[in-house]
Amino acid sequence: YFAAPSERYARLWAMSGVLSAVGMSIIMAHAARAPGLMLMVGNIALFAGCVLVWSGLRAFAGQKTSRWGSFLIALFAASYFLLIENNAAITSRACLSSASLILVFVLCVRTLLARHPETAPSRHGYAGEMAIAGLLLLIAAHLLRIVVLLYRPVAVSPAWMSQANTVVAYLIPLAGTLLFFPALLLLYFERIKHQLLLSLESKQEALEEQKRFVEMFSHEYRTPLAVIRTNLDILQSKQQPGAQQAASNLGKMQRAVLRLVEVADTALRRDHSGEGKADILREPILMPDFLQDVIEEAAELWSERAPRLELICTTSMVFHGDRKLLKTAILNVLDNAIKYAAPQGMIRVQLRRNGGSLLLTVDDNGPGIPEHELDLVYGKYFRGSRTAFVAGSGIGLYLVRRIIVEHAGNIFLSNRPEGGAS
């Protein structure tokens with residue numbers, strides 16, 4: 001039950017174990033007494049436990065749990081009650097119990113042999129064969145018990161009959177039980193293995209489909225971008241002297257197109273490298289100059305909002321990393337800071353040493369992020385509750401975190417006491 005508490009078959013098997021244990025305990029406690037109500041309750045509980053095993057197997061195999069189980073329990077209870085009321089001999093009661101259990105065990109074997117093809121492997125595994133072997137031992141034991149009870153040769157001594165009854169009624173069923181019930185747990189693990197294989201196969205197909213899409217998208221993406229860049233170059237070469245505003249706008253468009261090309265190249269590199277990880281092309285980067293260039297590019301891209309970007313870096317620091325990937329990550333962070341801050345908002349970028357690492361902090365004066373969303377914003381396609389009127393896809397911080405982790409770093413997000421996020 002604790003292996004899969006949400007599954008119906010697990011609940012049925014757990015109930016079966018409880019009923020069987022209670023029933024057997026009652027039978028053993030009242031075996032030496034005159035047959036009465038408690039002995040009847042014990043036998044019905046034991047039989048009901050076995051029926052629930054069959055119902056659990058049907059649920060496990062993807063079949064509907066029919067009402068035949070309740071009918072069998074009611075029929076057995078009525079039959080045993082009539083035997084008790086008519087003072088039937090122990091032979092009659094034992095034969096009824098064994099015959100009824102044989103019927104249930106045969107139904108269990110039939111269910112195992114007809115496993116549903118959509119919910120279980122087509123070939124019967126070791127667990128299924130083990131369960132069937134245990135059930136066959138239980139069927140054989142109860143058949144032999146009926147034979148021993150009905151056929152009592154005069155020449156056989158009572159001691160020999162007692163030993164035969166011990167073997168038939170206890171040892172063989174014990175062996176069958178020790179095979180069958182552990183097999184139920186193994187069947188569950190076989191199911192998990194089968195589902196994991198299907199999941200891995202589906203994931204592999206999805207990755208292949210994603211790879212084909214990225215290749216197609218990157219190819220189709222680059223062609224119009226190349227046309228745009230060419231025409232922007234032509235416009236820039238033909239612009240009239242003194243047209244400062246037009247020159248500024250053309251420069252902004254060129255940088256935006258260049259950034260789109262870099263993003264496409266980054267996505268294609270991540271896809272070809274496998275498992276979504278990019279090949280890190282490490283090179284020494286002089287961080288103050290690098291950050292200043294990124295900040296200037298972000299300011300020009302968002303010139304209509306006129307952000308006030310400030311870089312605080314007191315010493316020269318060199319970091320070995322992938323320049324394009326780090327630029328993509330930092331630009332995404334700056335984009336978020338500028339988008340969600342007020343126009344002409346103050347964005348402070350600070351770089352300092354933290355032991356053997358570099359700590360880059362970006363502070364804004366925007367509305368901040370709700371506390372319950374601080375850990376959710378890194379999810380792919382997640383959009384916060386305060387982003388309804390701001391354009392975005394919800395993939396920026398997811399990409400940032402992936403890039404930083406690939407550089408053996410980490411990213412933290414928090415609200416500032418004085419307002420804004422950091």
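Start your tour by selecting Thr-111: leaving out residues up to four places away in sequence, it touches Trp-54, Leu-57, Arg-58, Ala-61 and Gln-63. Contact here means heavy atoms within 4.5 Å.

Before you click further, some ground rules. This is a predicted model, where local features need pLDDT of at least 70 and side-chain atom pairs count only at pLDDT 80 or more, while totals for chains, interfaces and linings use all residues. Residues are numbered from 1 along each chain as its sequence is written, and side-chain values use heavy atoms, with hydrogens and water left out.

**Stop 1: around Thr-111**

Now show residues 90–113 as a cartoon: that is helix α4, and Thr-111 is in it. (Helices are DSSP runs of H or I with at least four residues, strands are runs of E with at least two, and both are numbered from the N terminus.) Is Thr-111 buried or exposed? With a relative accessible area of 4%, Thr-111 is buried. The scale is simple: buried means under 20% relative accessible area, exposed means over 50%, and partly exposed is in between, using a 1.4 Å probe and protein chains only.

Next, pick one of its partners, Trp-54, which sits in helix α2 (residues 37–60). Trp-54 counts as buried too, because its relative accessibility is 6%. Which residues does Trp-54 contact, if you ignore neighbours within four places in sequence? The list is Ser-66, Trp-68, Gly-69, Leu-72, Val-104, Leu-107, Cys-108 and Thr-111. While you're there, draw a distance from the C-alpha of Trp-54 to that of Ser-16: the two are 38 residues apart along the chain and separated by 9.5 Å.

**Stop 2: another residue on α4**

Slide along to Ser-97, also in helix α4. Its relative accessible area is 10%, so Ser-97 is buried. Apart from residues up to four places away in sequence, Ser-97 touches Asn-43, Phe-76 and Tyr-80.

**Stop 3: the helices beside α4**

Select residues 68–85 to bring up helix α3, which packs against α4 at an angle of about 170° with the axes 10 Å apart. (Axes are lines fitted to C-alpha atoms, for helices over the stretch in contact, and angles run from 0 to 180 degrees between N-to-C directions.) The two helices, α3 and α4, are therefore roughly antiparallel. As for the wording, angles under 35 degrees count as roughly parallel, over 145 as roughly antiparallel, 65 to 115 as roughly perpendicular, and the rest as oblique. Show side chains for the contact: α3 brings residues including Leu-72, Phe-76 and Tyr-80, and α4 brings residues including Leu-96, Ser-97 and Leu-107. By class, this α3–α4 contact has eight nonpolar, four polar and one charged residues. (Ala, Val, Leu, Ile, Met, Phe, Trp, Tyr, Cys and Pro count as nonpolar, Asp, Glu, Lys and Arg as charged, and the others, Gly among them, as polar.)

Then add residues 126–150, helix α5, whose axis comes within 9 Å of that of α4 and crosses it at roughly 160°. So α4 and α5 are roughly antiparallel as well. Their contact is made up of 20 nonpolar, three polar and one charged residues.

**Stop 4: out to α6**

Pick Leu-178 in helix α6 (residues 158–238). Leu-178 counts as exposed, because its relative accessibility is 56%. Its C-alpha is separated by 9.9 Å from that of Met-130, though their positions lie 48 residues apart along the chain.

**Stop 5: the sheet**

Now for some strands. What is the strand order of the open three-stranded sheet? The order is β2-β4-β5, with mixed pairing. (Two strands pair if DSSP finds at least two bridges between them.) At the edges stand β2 (308–312) and β5 (357–363), each with a single partner strand, so one side of each has no neighbour in the sheet. From one strand to the next, the twist averages 15°.

Select residues 346–354 for β4: five bridges join this strand to β2, and the two run parallel. One pair to highlight is Glu-310 with its bridge partner in β4, Arg-348. Then bring in helix α8 (residues 287–301), which lies across β2, β4 and β5 and runs at about 175° to β2.

**Last stop: α10, then zoom out**

Select residues 396–406, helix α10, where the buried residues are Gly-396, Leu-397, Leu-399, Val-400, Ile-403 and Glu-406. Just after α10, click Ala-408, which takes a positive phi of about 60°.

Finally, show the whole protein: ten helices and five strands. Of its 422 residues, 38% count as buried.
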